[in-house]
Amino acid sequence: MTQSCDVAVLGSGAAGLTAAFAAASEGAQVSVFEKHSRIGGTTAWSGGWIWVPNNSYMAALGASDSTEEAVTYLMNQSRGMVDEHLIRTFVQNAPRMVDYLAERADFAFYAVVGLPDYHPHHPGGKPQGGRSMGLDLFPFDRLGEWADRVEVSPYYAPYLRGDELGIGKAVPQPPSPEEIARRQERDERGGGVGLVGALLEACLKAGVTFETNASATELLSDGTGVTGVVIDSGDGRTEVHAKHGVILATGGFDWNEEYRRTFLRGPVHKPASIPTNTGDGLRMAMKMGAALQNMREAWWIPVTDLPEGINSMNLDMINADRTRPRSIMINGKGKRYTNEAADYNTIGGAFYQEDVNTFDYANLPTWIIIDDTNLKRYGSRGTPYDGTTPPWLVEAPTIRDLAERLGIPADALEHTVARWNAQVAAGIDDDFHRGESAHDRWWGDPYRKGELDGTLGPIENPPFYAMELKPGVIGTKGGPKVDDRARVIDLDGNVIDNLYAVGNASSPTGTGYGGVGGTLGPAMTWGWLAGVHAADKGD
């Protein structure tokens, strides 16, 4: 079988949908092929934030920004391992992408008041925020039959805006039960699934066609460039001829164990992303002679195993728990080793610190330690305390007993907790500087934002609890090397004609993670660049 279009987009996360909408809006005939049975990819599992420096919404918050500040900030995080031209391309075009969606598809974006960058104390960082953006709730009743064909997140409640949660507002103000009921009636969804819904509607209105259960297996070539792609839908092989180009938006290789071992800088216990991310785009691009970039990097995140049946992944991402008062993280020697309130991507680097004497990772295994006051006040992994100990926590009456149950040195853990409590009493973490950054003080206790005791607090009230953390990823970053229009570059430095890579199929940010939304901001920007360029080729 054969079919044809101007632009074939492989994947339906935010990067792919943005690319599809942009290409269709510029007059191209666009087809999207999604490997999964539902639309949305890992985007639909996410919080739906986008990080867009120097966006046009910042002025309303009284915030300021510039291209140079944002470039300086991202380059400072990169350790010289990324292409500054690509970073500058992202920074200059991200605000244009947001305005394009607002103007062409009536997207209701907002910038978040006060939400700091992940490293606001670094050159070019923004302690007062404004770069992280959200999207208003999207009513899924506008999607008709497509409403049930969007992926559902195992992690996030669907009927909340991001700024109604602890992460997105100085003091969270959850909607009333009556408002939640109203949203449920219209199926008004927020977060990543709401972003996918809005992008899907925009694509459908622009004439984009979709095929699900459609796996891309091979790129077609005439010897000078890409002419199309082979799709396997389970009913046979279809050659799709795409005269303007093929856009790889297939996600990362997080679920491909062979690729993870080959490319990543450390082991992954289990990805927290959608299992269709198996590196299909990477494999096809390598067969076309693509050069590669940022292959050792991922969007790292601490995860914990859950008893079967709590969610579909039997896994959860652990972010807020480790930042709250009356909590610390310790390694197998019973010692603290990092600022627990740092962003989750940076924590991944602490996991992979080498112990040169044992030839092992110094900080694996690792646990969060909390006391009874913490559990009763905050619950655990977003679940309120109900009078019982959650099954994913280890409980003990004393710190010594807890150490014995974990199999770590009891004297060391007692000393670590005593030192932590003394530092809390003094109001300063001399060891790892927790609480000194505006980022640290935004996380932690959502009702004490901006205050030191929003993240510092003693571990003193028994019983005591531990939750094991393991290294996970929400996506990998590496993929085909691209130019400033998301065109794939070959091993000789030449453009592979008609081939593009966007999103986690190829993220040029390297070690950098700007702030909340630092995955989707670049993904959608490069998707927009690819879509506009692919459409603008004439016949």
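Start this tour of a predicted model by selecting helices H2 and H3: the two are oblique to each other. H2 covers residues 67-78 and H3 covers residues 84-105, and their axes come within 9 Å and cross at roughly 135 degrees. An angle in that range counts as oblique because only values over 145 count as roughly antiparallel, and only 65 to 115 as roughly perpendicular. Turn the view until one helix lies over the other, and you will be looking at a right-handed crossing of H2 past H3.

Now show the side chains between them. From H2, pick Thr67, Glu68, Ala70, Val71, Leu74 and Met75; from H3, pick Glu84, Ile87, Arg88, Phe90, Val91 and Gln92. Colour this contact of H2 with H3 by class and you should get seven nonpolar, two polar and three charged residues.

**Next stop: H1 against H3**

Keep H3 on screen and add helix H1, residues 14-25. The axes of H1 and H3 are 12 Å apart, at an angle of about 60 degrees. H1 and H3 are therefore oblique as well, but H1 passes H3 in a left-handed crossing.

Which residues meet here? On the H1 side, select Thr18, Phe21, Ala22 and Ser25; on the H3 side, select Met97, Tyr100, Leu101, Arg104 and Ala105. By class, this contact of H1 with H3 has six nonpolar residues, two polar and one charged.

**A buried aspartate**

Leave the helices and go to Asp117, in the loop that runs between strand E4 (109-113) and strand E5 (129-135). Is Asp117 buried or exposed? Its relative accessible area is 1%, so Asp117 is buried, the cut-off being under 20%.

Zoom in on the polar partners of this side chain. The side chain of Trp51 makes a polar contact with the side chain of Asp117 at 3.0 Å. A polar atom of the Asp117 side chain also lies 3.0 Å from the backbone nitrogen of Lys126.

To see the surroundings, display the residues that Asp117 touches beyond four places in sequence: Trp51, Tyr73, Gly125, Lys126, Arg131, His439, Gly514 and Gly515. Tyr73 may look familiar, since helix H2 from the opening view spans residues 67-78.

**A helix enclosed by strands**

Jump to helix H8, residues 344-351. Six of its eight residues are buried, so H8 is largely enclosed by the rest of the structure. Those buried residues are Tyr344, Asn345, Ile347, Gly348, Ala350 and Phe351.

What covers the buried residues of H8? Turn on the strands around them: the cover includes strand E13 (298-305), strand E15 (327-331), E17, E18 and E20. Before moving on, look at the N-terminal end of H8, where Asp343 acts as a cap. A side-chain oxygen of Asp343 lies 3.1 Å from the backbone nitrogen of Asn345.

**Ile459 and its neighbours**

Now select Ile459, in the loop between helix H12 (438-442) and strand E20 (464-476). Ile459 counts as buried, at 2% relative accessibility. Try drawing a distance from its C-alpha to that of Ile370: the two residues are 89 apart in sequence but 6.4 Å apart in space.

With neighbours within four places in sequence set aside, Ile459 is in contact with Arg326, Ser327, Ile328, Ile369, Ile370, Asp371, Ile399, Val417, Trp420, Asn421 and Phe464. Among them, Ile369, Ile370 and Asp371 fall in strand E18 (366-371).

**Two cis peptide bonds**

Stay in the loop between H12 and E20 and find Pro463. A cis peptide bond joins Pro462 to Pro463, with omega about -5 degrees.

The other cis bond to visit joins Leu364 and Pro365, where omega is about 5 degrees. You will find Pro365 in the loop between strand E17 (360-361) and strand E18.

**Two positive phi values**

Finish with a pair of backbone details. Select Asn213, in the loop between strand E8 (209-211) and strand E9 (215-221). Asn213 is not a glycine, yet its phi is positive, at about 55 degrees. With a relative accessible area of 41%, Asn213 is partly exposed.

Last, select His433, in the loop between helix H11 (410-426) and H12. Phi of His433 is near 65 degrees, a positive value in a residue other than glycine. His433 counts as partly exposed, at 41% relative accessibility.

Terms used:
Residues numbered from 1 in each chain as written. Predicted model: local features only at pLDDT ≥ 70, side-chain atom pairs only at ≥ 80, totals over all residues. Heavy atoms only, no water. Axes fitted to C-alpha atoms, helices over the stretch in contact; angles between N-to-C directions. Helix = DSSP H or I, 4+ residues; strand = E, 2+ residues; numbered from the N terminus. Parallel < 35°, antiparallel > 145°, perpendicular 65-115°, else oblique. Left-handed = near helix turned anticlockwise from the far one by under 90°. Contact = heavy atoms within 4.5 Å. Nonpolar A, V, L, I, M, F, W, Y, C, P; charged D, E, K, R; others polar. Buried < 20%, exposed > 50% of the residue type's maximum accessible area, 1.4 Å probe, protein only. Polar contact = N/O pair within 3.5 Å; in protein donor to acceptor, adjacent residues only side chain to side chain.
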